[in-house]
Amino acid sequence: MKLGLETLDYCIFFIYFVIVSSYGYWVYKNKGKQGGGDSKDFFLAEGSLTWWAIGASIIASNISAEQFIGMSGQAFQLGIAISVYELLGGVSLIIVAVYFLPMYLRNKIYTMPQFLAKRYDERLATIMAVFWLFLYIFVNLTSIIYLGGISLEKMTGLSFMTCTLFLTVFAVIITLGGMKVIGYTDVIQVVCLIFGGLATTYLALDLLSNKVGTGSGVLEGLSLIKEKADSHLHMIFTPNQYQVHDGRGGFVDAYRQLPGIMMFIIGGQWVNNLNYFGCNQYMTQRALGADISTARNGVLFAGFMKMLMPFIVVLPGLAAYVIFQENADASIVNGITQDGIVKPDNAYPVLLNLLPVGLKGLAFAALTAAIVASLAGKANSISTIYVLDIHRKYFNKNLTEKQTVWTGRVAIIVAFAIALVVSPLLKNFGQAFEYIQVYTGYISPGILSIFLLGFFWKKATANGALTAAILSIALSSWINYQFPEFPFMNRMGVVFWICSLVHGAISLIESKGKDNPNAFEVNKEWFKVEPIFRYGSILIIAIFSIIYFIFW
């Protein structure tokens with residue numbers, strides 16, 4: 001297997017780089033406030049993003065190295081069942097669009113800590129703002145830079161730090177232009193990652209046909225997955241169904257990663273998705289500057305693209321698994337095996353190296369687009385929370401518009417610098433996508449409880465919410481320590497219900513049956529949707545149901 005790109009590959013990537021950079025500069029000059037001195041324009045792109053730009057930007061922030069590399073790695077490890085994150089994500093986006101967005105937009109909420117301050121109190125808002133900053137920097141930014149560095153290292157032959165530095169600098173350039181530049185350049189990024197990703201999938205299946213079958217093409221590649229990896233074609237696992245590589249040299253029960261039907265019944269998978277898409281600054285921020293109709297249509301568009309993601313990120317991992325199991329290509333087997341340890345995260349980068357000249361450059365551009373777009377979106381959200389919810393409240397309440405934007409840009413650079421330094425430490429973890437889900441899962445149940453009760457129950461109090469947040473981390477840690485075999489997805493569901501009960505009990509005791517004065521008014525009319533949204537939602541739910549029925 002030859003490392004590195006050919007001249008044609010670099011030319012294709014250079015064209016992509018020039019197009020994105022030039023378009024971003026044009027947007028900055030022609031669609032933004034001159035001089036970049038308007039803070040709402042910088043953080044929210046208020047009122048200027050179209051529905052397709054909102055949808056594309058949500059997907060660009062969502063689909064990154066953790067999907068291309070991490071989720072393909074878990075497809076190698078677990079099979080098609082890992083698609084649940086994408087498929088249920090599409091359904092969750094519908095729920096967020098119908099019920100969450102009106103609560104944010106009608107109450108003029110622009111950041112998640114702002115919601116907590118308005119609905120509960122400043123104390124909870126500040127605590128959670130600090131926590132979110134740590135989570136976004138040390139889990140999200142760091143993991144994307146790490147996985148992106150691994151993939152580019154394997155494709156180009158350059159050192160890991162050179163690759164991570166390149167990705168970081170590219171992302172900084174895009175992010176400093178503000179949300180409007182991010183939103184519109186994300187459209188190009190999404191086009192690149194979808195077409196480049198689909199091209200990689202096509203070639204991975206064709207490669208599987210050539211290496212294991214008769215070489216008759218993609219359809220044979222699909223049939224070979226059915227024939228050779230039937231264990232990897234089930235959406236629902238049972239305990240001890242089969243053992244999979246854990247990325248550390250051992251094996252783990254697949255049920256621990258995706259605990260079958262229980263993750264729906266207990267609610268862990270719902271907690272994971274609703275928190276991610278509904279209570280997450282870098283997901284909701286794109287829609288918060290738009291009117292309700294535009295925002296909903298953008299989120300629906302993102303939901304449709306989520307349905308496409310398993311074809312882009314899961315099938316290549318399955319193809320790599322079959323080739324590996326059949327020992328059909330030494331370069332793939334050796335590339336996935338590192339120091340005698342099977343590393344599922346290596347599956348996608350190894351496949352990329354087998355692409356022909358030209359298409360390898362396209363795949364390189366697609367992967368870079370996904371990484372940079374996601375980094376930019378997350379860094380802008382980090383900057384937004386820091387400036388609006390911490391710096392302007394506690395360090396300088398009299399910031400001018402230009403000072404606010406300047407402080408935001410400094411926060412972006414500092415966040416990237418920290419993540420760049422920390423990213424190499426993730427080499428100690430076996431499977432990066434699992435790492436992200438496990439550690440965000442410590443707080444997700446508490447956050448979702450706080451938001452849902454805050455939205456729809458007028459008696460919810462700040463002390464109840466703060467207790468839920470603390471209990472979520474403490475109880476998750478205790479369960480993980482005392483019952484290490486207990487699936488983390490089920491743990492999230494159990495912790496959510498306990499946090500909600502405790503939150504509710506404390507609120508009832510404190511409120512003495514009276515509504516909280518900070519409670520939001522809720523109008524049922526807010527939750528009515530337009531016909532086109534209704535029909536689109538039905539189609540997404542139908543796709544989800546059909547796939548589960550086929551691969552049950």
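Contact here means heavy atoms within 4.5 Å. The model is predicted.

**Exercise 1. Place Glu86 and list what surrounds it.**

Step 1. Glu86 sits in helix α5.
Step 2. Leave out residues up to four places away in sequence; Glu86 then touches Asn62, Ile63, Gln67, Met71, Lys306, Met307, Met309 and Pro310.
Step 3. One of these partners, Lys306, also makes a polar contact of 2.7 Å with Glu86, side chain to side chain.

**Exercise 2. Decide whether Glu86 is buried or exposed.**

Step 1. Buried means under 20% relative accessible area.
Step 2. Glu86 has 1% relative accessibility, so it counts as buried.
Step 3. Now take the whole helix: 20 of the 23 residues of α5 are buried, so the rest of the structure largely encloses α5.

**Exercise 3. Check the length of α5, then look for a kink.**

Step 1. Helix α5 covers residues 84-106, which is 23 residues.
Step 2. At 1.5 Å a residue, α5 should span 33 Å.
Step 3. The end C-alpha atoms of α5 are 32 Å apart, which agrees.
Step 4. There is still a kink in α5, of about 40 degrees, centred on Ala97.
Step 5. After α5 comes Lys108, with a positive phi near 55 degrees.

**Exercise 4. Judge how compact the protein is.**

Step 1. Count the secondary structure: 24 helices and four strands.
Step 2. The globule rule gives 24 Å for 552 residues, and the radius of gyration is 23 Å, so the protein is as compact as a globular protein of that length.
Step 3. Buried residues make up 63% of the 552.
Step 4. Of the contacts between residues at least 6 apart in sequence, 83% join residues at least 24 apart.

Terms used. Residues numbered from 1 in each chain as written. Predicted model: local features only at pLDDT ≥ 70, side-chain atom pairs only at ≥ 80, totals over all residues. Heavy atoms only, no water. Helix = DSSP H or I, 4+ residues; strand = E, 2+ residues; numbered from the N terminus. Expected span 1.5 Å × (residues − 1). Bend = angle between axes of the 7 residues up to and from the residue. Buried < 20%, exposed > 50% of the residue type's maximum accessible area, 1.4 Å probe, protein only. Polar contact = N/O pair within 3.5 Å; in protein donor to acceptor, adjacent residues only side chain to side chain. Rg over C-alpha atoms; globule rule 2.2 N^0.38 Å.
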